[in-house]
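User: Please take a close look at a single helix of this model, and explain how it sits within the rest of the chain. I would like the reasoning to be laid out step by step.

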Amino acid sequence: MELDGAPVSPADLSVLALVNYGHFTTMRVAGGRVRGLAHHLERLRRDSRTLFGAELDPERVRFLARRMITGPAGVDGGGAVAVRVTAFDSRPGLDRPPAPAAPRLLVTVRPAPAGPLPPLALRSVRYVRELPEVKHTGLWAAVHHRRAAQAAGFDDALFVAEDGRVAEGSTWNLAVVRGETVIWPDAPCLPGVTMRLLGDALDRLGIAHRTGRVELTELNGETAVFTTNATAGLRPVAALDGVPLARADELVAALRREYDAIAGEPL
């Protein structure tokens, strides 16, 4: 990891660790290219305005991310990696957060999943993230619900609003196949980059899709569901709360082909 292009010390990260106020995006980088790079950069700019009241330079983000995979600290061995860019203010300020300022950028790298991942078994939980439209670093509750779901024998948790509407997962969006139409749940959630790219892919395939209300009670053996995430792409959902769901193998395969064919933008 590097902070603003330099080695990181424990003191550099003390405010992020103790206050945990920041935002991030995670990009899958392969061959120096990122699918939906413009969307990732716009997310960082938008969230910096929301959390810090500050503008973030997208070219600075690109430079620091490139440095991590090709520069002196580079880890680019030819395979795909997940590059996370976290923006945070390193000045102390739990009692009185500092006035607007350009946030510092922490860049970390880890291996990206290889190949399609197996279908998921999900457990539903009543929970909506705080400030769900922001990809913020407040991950405690999401990790807690994921951990609890895994301890109970599931793979992950599906978040459901108090009114019964399906929202999102711990680190992914959800799509529901209803007849010949794909529905993106309209409950409060983070608008994912992969979700946006797959919307374009559905248009190319001539498949109808829209945002709409999805009730938890609608997800049953007659409904197919898949998740979307920048590092894992598409992933089918095999079961929810122990109930097997329908499959949409042809649709998922076609979307994967369309998604894999996106060349990506040069980092």
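Analyst: In this predicted model, helix α2 runs over residues 37–52, and its 16 residues reach 22 Å from the first C-alpha to the last, close to the 22 Å expected at 1.5 Å a residue. The residues of α2 that are buried are L37, H40, L41, R43, L44, D47, S48, L51 and F52. Those residues lie on the same side of α2, because they cover an arc of only 150 degrees around its axis. An α-helix has 3.6 residues a turn, so residues three or four places apart point the same way.

The cover over this buried side comes from several parts of the chain, and includes the strands β2 (22–30), β3 (33–34), β4 (81–88) and β15 (265–266), together with the helices α3 (58–70) and α5 (193–205). Just after α2 comes G53, which takes a positive phi of about 60 degrees.

Within α2, D47 deserves separate attention. D47 has a relative accessible area of 0%, and therefore counts as buried, the cut-off being under 20%. The side chain of D47 reaches the backbone nitrogen of K135 at 3.2 Å. If neighbours within four places in sequence are left aside, the residues in contact with D47 are H23, F52, E133, V134 and K135.

Helix α4 offers a useful comparison. It spans residues 140–151, and its 12 residues reach 16 Å between the first and last C-alpha, close to the 16 Å expected at 1.5 Å a residue. Its buried residues are A141, A142, H145 and A149, and these line one face of the helix, because they fall within an arc of 105 degrees when seen down the axis of α4. The buried residues of α4 pack against β6 (120–126) and β7 (156–160), whereas the face turned away from them carries the exposed residues W140, R147 and A151. The residue G153, which follows α4, has a positive phi near 100 degrees.

As for the setting of these helices, the chain as a whole comes to six helices and 15 strands. Its radius of gyration is 19 Å, close to the 18 Å that the globule rule gives for 267 residues, so the chain is as compact as a globular protein of that length. Buried residues make up 46% of the chain, and, of the contacts with a separation of 6 or more, 71% join residues 24 or more positions apart.

How values were computed. Residues numbered from 1 in each chain as written. Predicted model: local features only at pLDDT ≥ 70, side-chain atom pairs only at ≥ 80, totals over all residues. Heavy atoms only, no water. Helix = DSSP H or I, 4+ residues; strand = E, 2+ residues; numbered from the N terminus. Expected span 1.5 Å × (residues − 1). Buried < 20%, exposed > 50% of the residue type's maximum accessible area, 1.4 Å probe, protein only. Arc of directions from axis to C-beta. Contact = heavy atoms within 4.5 Å. Polar contact = N/O pair within 3.5 Å; in protein donor to acceptor, adjacent residues only side chain to side chain. Rg over C-alpha atoms; globule rule 2.2 N^0.38 Å.
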